[in-house]
Amino acid sequence: MNGIKILGMGRSVPARVVTNDDMARIVDTSDEWISSRTGIRTRHHCQGETHTQLCREAAQRALERAGVRPEEVGACIVATVTAQTLVPSTACLLQRDLGLPEDIPCFDLSAACTGFLFALHTMECLLNASARPFGLVVGCEVLSRFTDFTDRSTCVLFGDGAGAVVLRGDGKGLWGVRDVSCCSDGSFHKLITVGGG
């Protein structure tokens with residue numbers, strides 16, 4: 001990457017906190033087993049909150065902290081594999097809800113754990129061709145809707161939440177992002193396959 005800067009960050013998590021002791025009531029595990037192996041003590045799970053709501057709240061906070069108005073945003077990417085709908089994309093719903101310009105690219109990017117990094121790199125490329133200097137990248141997952149709560153090796157790892165950044169494409173800003181290498185290897189697909197539908 002040759003010059004994008006993070007100007008502001010925001011986050012949103014559901015109100016419900018799920019402790020390791022809560023997990024021990026669902027599956028054969030314990031606080032000690034989880035925390036000694038992962039460092040995780042709590043996670044958040046949605047009850048009434050939606051994926052789009054988490055994205056919107058995180059994005060609004062990032063825009064406010066960056067001091068950037070919605071009409072100054074040149075592109076919006078949401079990195080997710082758990083969007084509420086495939087169509088319309090969450091990014092398009094953010095365009096509507098936040099009042100982003102209608103003449104900018106807004107789309108979801110699905111790359112699982114690496115999604116946010118892929119979105120940062122993609123945003124850099126988009127901003128190099130944009131008349132507006134700012135980009136909005138949101139990473140959001142609501143994995144509690146898809147988690148197998150009988151599998152103790154994975155169910156203790158995942159929670160729900162969103163994080164957002166406002167980026168500047170001309171290299172002026174507080175925190176720089178450089179040298180992201182985007183690669184792919186599908187040869188171990190059987191280890192992490194989640195069915196569609």
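**Helix 2, the loop after strand 6, and the nonpolar cores**

Threonine 38 is found in helix 2, which spans residues 31-38. The description that follows refers to a predicted model. With a relative accessibility of 31%, threonine 38 counts as partly exposed. Its side chain takes part in two polar contacts with the backbone: the backbone oxygen of isoleucine 34 is reached at 2.7 Å, and the backbone nitrogen of isoleucine 40 lies 3.0 Å from a polar atom of the threonine 38 side chain. In sequence, threonine 38 is 119 residues from leucine 157, yet the C-alpha atoms of these two residues are 7.7 Å apart in space. Helix 2 is followed by glycine 39, which has a positive phi, near 80°.

The buried residues of helix 2 are Trp33, Ile34 and Ser35. The elements covering these buried residues include helix 1 (20-24), strand 3 (42-45) and helix 6. The ring of tryptophan 33 also has a charged group above it: the charged end of arginine 152 sits over this ring, 4.2 Å from the ring centre. By contrast, a search of the whole structure for aromatic pairs finds zero.

A second threonine, at position 147, lies in the loop between strand 6 and helix 6, the latter comprising residues 152-155. Threonine 147 has a relative accessible area of 16% and is therefore buried, the cut-off being under 20%. A polar atom of its side chain lies 2.7 Å from the backbone oxygen of leucine 143. When neighbours within four places in sequence are left aside, threonine 147 is in contact with Cys155 and Phe158.

Strand 6 (residues 134-142) runs antiparallel to strand 7, and nine bridges join the two. In this pairing, valine 142 of strand 6 stands opposite aspartate 160 in strand 7. Strand 7 covers residues 160-168, and because seven of its nine residues are buried, this strand is largely enclosed by the rest of the structure.

The largest nonpolar core contains 27 residues, of which Val68, Leu136, Val138 and Val166 touch the most other members. Two or more residues of this core are given by each of helix 3 (51-66), strand 4 (73-79), helix 4 (90-98), strand 6 and strand 7. Helix 3 supplies the largest share, seven residues. Contacts of valine 68, not counting residues up to four places away in sequence, are made with Leu7, Leu63, Val73, Phe134 and Val166. Another core, of 13 residues, lies apart from the largest one and has Ile4, Ile77, Met123 and Leu127 among its members.

Over the protein as a whole, seven helices and eight strands are assigned. Of its 197 residues, 40% count as buried. Among contacts between residues at least 6 apart in sequence, 79% join residues at least 24 apart.

Definitions and conventions. Residues are numbered from 1 along each chain as its sequence is written. This is a predicted model: local features need pLDDT of at least 70, side-chain atom pairs count only at pLDDT 80 or more; totals for chains, interfaces and linings use all residues. Side-chain values use heavy atoms; hydrogens and water are left out. Buried means under 20% relative accessible area, exposed over 50%, partly exposed in between (1.4 Å probe, protein chains only). Helices (H or I, at least four residues) and strands (E, at least two) are DSSP runs, numbered from the N terminus. Two strands pair if DSSP finds at least two bridges between them. A nonpolar core is a set of buried Ala, Val, Leu, Ile, Met, Phe, Trp, Tyr and Cys residues joined through side-chain atoms within 4.5 Å. Contact means heavy atoms within 4.5 Å. Rings of Phe, Tyr and Trp (its six-membered ring) pair if their centres lie within 6.5 Å; planes under 30 degrees apart count as stacked, over 60 as edge-to-face and the rest as tilted. A charge sits over a ring if NZ of Lys or CZ of Arg is within 6 Å of the ring centre and within 35 degrees of the ring normal. A polar contact is a pair of N or O atoms within 3.5 Å; within protein, one must be able to donate a hydrogen and the other to accept it, and residues adjacent in sequence count only if both atoms are side-chain atoms.
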